[in-house]
Amino acid sequence: MERNRKVRRVLAAMLAANWAVAVAKLAFGLLNRSASVTADGIHSFIDGSSNILGLVAMTAAARPADEDHPYGHGKFEAIASLGIGAMISIAMVELGRMALDTLIHGRHPEVTPTMAVVMLLTLGVNLVVTRVERHYGHQLKSTLLLADANHTLSDVYVTLAVLLSLALVWLGYPSADGVIALAVMVFVARVAYDIIRQAVGILSDTARLDVTQVCELTLSVPGVRSCRDVRSRGMEDSVYVDLKIEVDPQLSTAQAHEVADRVEEKLHAAYSQVVDVVIHVEPAPARLSKASS
């Protein structure tokens with residue numbers, strides 16, 4: 001709960017910063033008829049929208065496990081990350097449309113010193129936002145904050161590209177506005193792909209731990225003769241593991257469970273992100289050597 005409160009506070013602060021940047025870019029982009037600046041403003045506006053999505057998701061993810069969600073509500077955070085990726089994809093399409101419209105109709109933006117100053121100031125804000133979100137994302141092990149930090153980082157590169165286009169337009173190359181906007185579209189597509197891939201990996205229960213390493217740790221526990229069928233899934237900061245071990249068939253039920261308890265303690269000590277371990281204990285066949293399948 002405390003972690004989720006911290007994540008929500010970070011998102012709320014980033015929301016204010018992102019929308020202030022978006023308003024500045026949109027205003028100057030529309031007033032000066034610059035496709036690249038306007039597209040950058042739309043991208044920043046989506047940054048703010050993703051913060052709202054994140055706040056809603058974290059509120060849901062903070063709810064404890066219940067009868068309908070026995071594993072908790074943590075995956076709502078991954079769903080929000082997927083939504084951020086979708087929003088970036090929408091921005092990519094809009095960037096492409098505006099860039100082509102500028103090139104086809106030969107619209108030339110008006111470059112002013114004020115516009116350049118505004119873009120430089122918003123660039124500074126975006127750099128601070130990215131650094132803060134990434135810091136807290138790693139500190140709190142939040143997939144959502146890290147995804148949003150990547151999203152804001154994409155805005156930094158977009159702004160740099162826009163500044164380049166403004167310089168080229170000022171030097172007498174008006175088509176640079178549309179060309180740079182198309183280049184930005186390609187970059188935004190890559191960012192969207194990375195974020196969506198990460199979110200889909202979580203939602204589709206991609207393995208979180210190395211099977212060989214888990215087996216090695218398990219086999220180092222006295223009494224374990226074999227380890228197999230290791231499975232892991234979950235978020236970066238909350239991983240669930242289940243596996244099968246075989247023990248001496250002469251052990252009593254209580255003794256076999258003691259071995260399983262030691263395995264669980266070993267895995268918890270080795271992986272701080274593991275929140276639950278389910279171990280299925282089976283009797284080992286006669287003369288089975290201590291080996292992993």
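Is Ile104 buried or exposed? Ile104 counts as exposed, because its relative accessibility is 66% and the cut-off for exposed is over 50%. The structure discussed here is a predicted model.

## A nonpolar patch on the surface

Ile104 lies in helix α3. It is one of the residues of a nonpolar surface patch. The patch is made by Leu100, Leu103, Ile104 and Val179. Its area is about 370 Å². Which helix gives the most to this patch? That is helix α3, residues 75-105, with three residues.

## Two buried positions in helices

Helix α3 also holds Gly85. Gly85 has 0% relative accessibility, so it counts as buried. Which residues touch Gly85, leaving aside its neighbours within four places in sequence? They are Ala192, Ile195 and Ile196. Arg197 is 112 residues away from Gly85 in sequence. In space, the two C-alpha atoms are 8.9 Å apart.

Thr130 sits in helix α4, which covers residues 113-140. Thr130 is buried, since its relative accessible area is 7% and buried means under 20%. Its contacts, apart from neighbours within four places in sequence, are Ala149, Thr152, Leu153 and Val156.

## The three-stranded sheet

Now to the strands. An open sheet holds three of them, in the order β1-β2-β3. The pairing is mixed. Which strands stand at the edges? They are β1 and β3, the latter spanning residues 274-283. Each has a single partner strand, so one side of each is left without a neighbour in the sheet. Neighbouring strands of this sheet are turned against each other by 15 degrees on average, direction ignored.

How do the pairs run, parallel or antiparallel? β1 and β2 run antiparallel and are joined by eight bridges. One bridge partner pair here is Arg228 with Lys244 in β2. β2 and β3 run parallel, with nine bridges between them. Val241 has Val277 in β3 as its bridge partner. Val239 is matched with Val274 in β3.

How many of the 10 residues of β2 are buried? Nine are, and the strand is mostly covered. Helix α7 lies across β1 and β2. It runs at about 125 degrees to β1.

## Salt bridges

Side chains of opposite charge can pair when their charged atoms come close. In this model the count comes to six salt bridges. The table gives three of these pairs.

| Salt bridge | N to O distance |
|---|---|
| Asp248 and Arg225 | 3.4 Å |
| Arg228 and Asp229 | 3.1 Å |
| Asp229 and Lys244 | 3.4 Å |

Take Asp248 and Arg225, whose side chains meet in a salt bridge. This pair links distant parts of the chain, 23 residues apart. Asp248 is in the loop between β2 (238-247) and α8 (253-270). Arg225 is in the loop between α7 (211-219) and β1 (226-235). Asp248 is partly exposed, because its relative accessible area is 24% and partly exposed means between the 20% and 50% cut-offs. Arg225, at 25% relative accessibility, also counts as partly exposed.

The other two pairs in the table both involve Asp229. Its side chain meets that of Arg228. It also meets that of Lys244. Why does the pair of Asp229 and Lys244 tie together separate parts of the sequence? Asp229 lies in strand β1 and Lys244 in strand β2, so the pair ties parts that are 15 residues apart in sequence. Salt bridges with shared partners go on to join Arg228, Asp229, Lys244, Glu246 and Glu282 into one network.

How covered are these residues? Arg228 is partly exposed, with 22% relative accessibility. Asp229 is partly exposed at 41%. Lys244 is partly exposed at 26%.

## Drawing it together

Two links between β1 and β2 involve Lys244. Lys244 is the bridge partner of Arg228 in the sheet, and its side chain meets that of Asp229 in a salt bridge. Elsewhere, helix α3 holds both the buried Gly85 and the exposed Ile104.

Notes:
Residues are numbered from 1 along each chain as its sequence is written. This is a predicted model: local features need pLDDT of at least 70, side-chain atom pairs count only at pLDDT 80 or more; totals for chains, interfaces and linings use all residues. Side-chain values use heavy atoms; hydrogens and water are left out. Patches are made of residues with over 30% relative accessible area and no salt bridge: like charges are joined within 9 Å, nonpolar side chains (Val, Leu, Ile, Met, Phe, Trp, Tyr) within 5 Å. Accessible areas come from the Shrake-Rupley method with a 1.4 Å probe; for residues, only the protein chains shown count as cover. A salt bridge is a side-chain nitrogen of Lys or Arg within 4 Å of a carboxyl oxygen of Asp or Glu. Helices (H or I, at least four residues) and strands (E, at least two) are DSSP runs, numbered from the N terminus. Buried means under 20% relative accessible area, exposed over 50%, partly exposed in between (1.4 Å probe, protein chains only). Contact means heavy atoms within 4.5 Å. Two strands pair if DSSP finds at least two bridges between them. Axes are lines fitted to C-alpha atoms, for helices over the stretch in contact, and angles run from 0 to 180 degrees between N-to-C directions.
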